[in-house]
Amino acid sequence: MGLKHENLRMVGKLAVITLGMFAFGYSLIPIYKRICEATGINILTLSERLVPGNGTAGPLARVPVNTQVDTSRTITVEFDANARGPWEFKPAQRSIQVHPGELATVMYEFQNVQNRRMAAQAIPSYAPRQAAPHFTKLECFCFSQYTLEPGEKKEWPVAFVIDPRLSKDVTTITLSYTFFEVGGKTPAAPQSAAAAPVAPAAEAGT
């Protein structure tokens, strides 16, 4: 009986610890938002700039040293937009061709079609993933949160340079944004169609 009682106590303690960890993890997002409101620091923006694999951005970004435009290579950059809510969000153009080391700019268009004010922010993703560290954004609307009035329209630029050290195997990069309302559930970074696994080809004769 003593051993069984001790086992039950241990199980109870582990259950309490597990619930505590779950509650702490669940509360992180609201805690972060409260810190943002109190300090004026946009944690989502900082994470996009600092987490490896998310590219470089804003004041922290540096154009690669001694960069020269590599006119011997052309890279197609495709632009994608995902709207998590009742609003309109799209790139002004679906793709452009650039040389590594060349400064390029593309515009994104947004309209709040609701009859209420909203605050929103964008989350970027890149495909293929190996291109992300070589994609330097010098200006981007994803650095900040925005408040838009009912029916308000905005146009935002994305200015970027692709590092010439990017592997020559990469000829197409997809930059994708998900625009979501701040205060709602933060979505995961969008998965571009370019990053989706390719189904194996059917065997001949089947």
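**Strands, aromatic pairs and salt bridges in a predicted model**

Pro-150 is located in the loop that runs between strand S8 and strand S9, the latter covering residues 153-162. The model described here is a predicted one, and the values given for this proline are computed from it. With a relative accessibility of 42%, Pro-150 counts as partly exposed, because that class lies between the limits of 20% for buried and 50% for exposed residues. Apart from residues up to four places away in sequence, Pro-150 touches Asn-112, Gln-114, Asn-115, Arg-116 and Arg-117. One of these residues, Asn-112, is 38 residues from Pro-150 in sequence, yet the two C-alpha atoms are 5.9 Å apart in space.

Strand S8, which precedes this loop, belongs to an open sheet of five strands arranged in the order S4-S2-S10-S6-S8, with mixed pairing. Strand S4 (95-98) and strand S8 (146-148) stand at the edges of the sheet, and each has a single partner strand, so one side of each is left without a neighbour in the sheet. On average, and with direction ignored, neighbouring strands of this sheet are turned by 30° against each other.

At one edge, strand S6 (residues 118-127) pairs with S8 in the antiparallel sense over three bridges, and Ala-119 has Thr-147 in S8 as its bridge partner. At the other edge, strand S2 (residues 75-84) and strand S4 run antiparallel and are joined by four bridges, with Val-77 standing opposite Ile-96 in S4. The side chains along S4 alternate: Ile-96 and Val-98 point to one face and are buried, whereas Ser-95 and Gln-97 point to the other face and are not buried.

Strand S3 (residues 88-91) contains Phe-89, a residue that is buried, with a relative accessible area of 9%. Leaving aside residues up to four places away in sequence, the contacts of Phe-89 are Ala-81, Asn-82, Ala-83, Tyr-108, Glu-109, Phe-110, Phe-141, Tyr-177 and Phe-179. Phe-89 and Glu-109 are separated by 20 residues in sequence, while their C-alpha atoms are 5.7 Å apart in space.

Aromatic residues also meet in pairs, of which the structure holds 18. In one of them, the ring centres of Trp-87 and Phe-110 are 6.2 Å apart and the ring planes lie at 45°, so the pair is tilted. This pair links distant parts of the chain, since Trp-87 is in the loop between S2 and S3 and Phe-110 is in strand S5 (residues 104-111), 23 residues apart. Trp-87 is buried, with a relative accessible area of 7%, and Phe-110 is likewise buried, with a value of 3%. A further aromatic pair is formed by Tyr-108 and Tyr-177, which are edge-to-face, with 5.2 Å from centre to centre and 80° between the planes. Tyr-108 lies in strand S5 and Tyr-177 in strand S10 (residues 172-181), so the pair ties together parts that are 69 residues apart in sequence. Tyr-108 counts as buried at 0% relative accessibility, and Tyr-177 counts as buried at 0% as well.

Burial is also found for a lysine: Lys-137, in strand S7 (residues 135-139), counts as buried at 0% relative accessibility. The side chain of Lys-137 makes a polar contact of 2.3 Å with the side chain of Tyr-126.

A search of the whole structure finds five salt bridges. In one of them, the side chains of Arg-116 and Glu-181 meet at 2.9 Å, N to O, and this pair links distant parts of the chain, with Arg-116 in the loop between S5 and S6 and Glu-181 in strand S10, 65 residues apart. Arg-116, which is also among the residues touched by Pro-150, counts as partly exposed at 37% relative accessibility, and Glu-181 is partly exposed with a relative accessible area of 22%. Another salt bridge is formed by Lys-154 and Glu-152, with the closest N and O atoms 3.5 Å apart; Lys-154 counts as partly exposed at 33% relative accessibility, and Glu-152 is partly exposed at 23%. The side chains of Asp-163 and Arg-165 also meet in a salt bridge, at 2.7 Å, N to O. In this pair Asp-163 is buried, with a relative accessible area of 6%, whereas Arg-165 is exposed, with a relative accessible area of 65%.

Methods: Residues numbered from 1 in each chain as written. Predicted model: local features only at pLDDT ≥ 70, side-chain atom pairs only at ≥ 80, totals over all residues. Heavy atoms only, no water. Helix = DSSP H or I, 4+ residues; strand = E, 2+ residues; numbered from the N terminus. Buried < 20%, exposed > 50% of the residue type's maximum accessible area, 1.4 Å probe, protein only. Contact = heavy atoms within 4.5 Å. Pairing = 2+ DSSP bridges. Axes fitted to C-alpha atoms, helices over the stretch in contact; angles between N-to-C directions. Polar contact = N/O pair within 3.5 Å; in protein donor to acceptor, adjacent residues only side chain to side chain. Phe/Tyr/Trp six-rings, centres within 6.5 Å; stacked < 30°, edge-to-face > 60°. Salt bridge = Lys/Arg side-chain N within 4 Å of Asp/Glu carboxyl O.
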